[in-house]
Structures are given as C-alpha cells and as structure tokens.
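This report introduces one protein model to a reader who has not met it before. Please keep the sequence and the three-dimensional view at hand while reading.

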Amino acid sequence: MGLDSPFEGRLIRLRAREPEDAPLLHAWFNDASVTEHLSMRYPLSHEQEERFVSGASVTGYFAANFAVVTRDDGRLIGGAELRDVSPENRTAILGITIGDKACWDGGYGTDTMRTICRFGFDMMNLNRIELDVFAENARARRVYEKVGFREEGVRRQAVYKYGRYQDVVVMGLLAGELALE
C-alpha cells in the first residue's frame, strides 16, 4: 500500500486528540445530522467535550483514541477509537465519526476504517474488531462491508431514539479479513 506509517491512510492520518480540537468536536457532537446514527442522545457541554478530549489523550492498550485529519492539509474531520480492548480475547470495539460534512461520501470514512483496523491488527495485535450500527444506516453498513466487516447478528429494538425503537446490527472483522482495496 506504500503508506508511511501505521497511522496513515491514503486520504487521512490518525493523530492524538489535542485540546484545540474540543471546540470543533463540540460543534459536531451537538449537530443532530452528525449524531443521528450515533448512540449519543443528549447535547454535550463545552466542559464535557474538553474532559473527553483530555481523557482521550491518555491512551494505552485498553483504548486507542484518535483525531482523524486529512492527509493533505492536516484539517480535523472526525474521530476514531478502539475501546474496551480485551487482552485475553484480543478484541476491541470500534467507533468512528466523520463530523466534517464536506468529507461525507468522499472516501474519508472508508479510509479511516481501513487505517484504524490496520492499526488495531498490526500495532495492537488484535484478532477481532467489532462494532454496532443502526440497521437503518445503510451508508455506514456499506462502508463496513467494503472493508471486510460481516454482519453477525441483530439486536432487535435495542435503542430508543427519535421517538422509535431501532434495531442494532452487530458486525465483526477478524485479523486477515481486512479488505485493503
């Protein structure tokens, strides 16, 4: 693939979250169109976002939290994390948000997924990465399937949001299944 580091994809780079990221993250996580398909339900205060960013910068094997920036100009466009890491099982749960709407449908989400999964397998020695996605979120499900995730089950009516219950699809990716192209 010719990438310079485990933190780089073709379009994005993963870096540590910095305090100056908090205002932009705060705006995204208080935008209903950004959080529509996230488990978030309530608005976040500036203080909550600042605490999250400062806590996310302290990462270790049990959580790897990153800011997602464009590779060409270093502009912050989202975040990605591998959390709830289980060393015994070599598993983690993946979360991703592309908050910059100008980057939606431009390949940035797919590149972020490939990059963070590659990081998890190659740098954290994970064997399995899993995620949850609302069944109605067809765009995200296509991205996850494109990089190799497989549907493993459905938790029926697992989340109540926007006045209705939503099914949650559980998806998983094993080491060796990551589709690099």
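The following paragraphs describe one helix, several loop residues and one residue of a later segment.

The model is predicted, so local features need pLDDT of at least 70 and side-chain atom pairs count only at pLDDT 80 or more, while totals for chains, interfaces and linings use all residues. Residues are numbered from 1 along each chain as its sequence is written, and side-chain values use heavy atoms, with hydrogens and water left out.

**Helix H4**

Helices (H or I, at least four residues) and strands (E, at least two) are DSSP runs, numbered from the N terminus. Helix H4 comprises the 16 residues 108-123. Its expected span, 1.5 Å times one less than its number of residues, is 22 Å, and this agrees with the 21 Å that separates its end C-alpha atoms. Of the 16 residues in H4, 14 are buried, where buried means under 20% relative accessible area, exposed over 50%, and partly exposed in between (1.4 Å probe, protein chains only). After H4 comes Asn 125, which has a positive phi near 60°.

**Two loop residues with positive phi**

Arg 90 and Tyr 162 are residues other than glycine, and each has a positive phi, as listed below.

| Residue | Phi | Loop between | Relative accessibility |
|---|---|---|---|
| Arg 90 | near 55° | strand S3 (76-86) and strand S4 (91-98) | 32%, partly exposed |
| Tyr 162 | near 55° | strand S6 (150-161) and strand S7 (164-174) | 47%, partly exposed |

**Asp 21**

Asp 21 is located in the loop that lies between strand S1 (12-15) and helix H1 (22-28). Is this residue buried or exposed? Asp 21 counts as buried because its relative accessibility is 4%. A polar atom of the Asp 21 side chain lies 2.8 Å from the backbone nitrogen of Glu 18. When neighbours within four places in sequence are left aside, Asp 21 is in contact (heavy atoms within 4.5 Å) with Arg 15, Ala 16, Ala 67 and Leu 76.

**Ala 179**

The segment after S7 contains Ala 179. With a relative accessibility of 23%, Ala 179 counts as partly exposed. Which residues does Ala 179 touch, not counting those up to four places away in sequence? They are Arg 114, Lys 146, Val 147 and Gly 148. Ala 179 and Phe 149 are 30 residues apart along the chain, and their C-alpha atoms are separated by 9.0 Å.

How values were computed: Polar contact = N/O pair within 3.5 Å; in protein donor to acceptor, adjacent residues only side chain to side chain.
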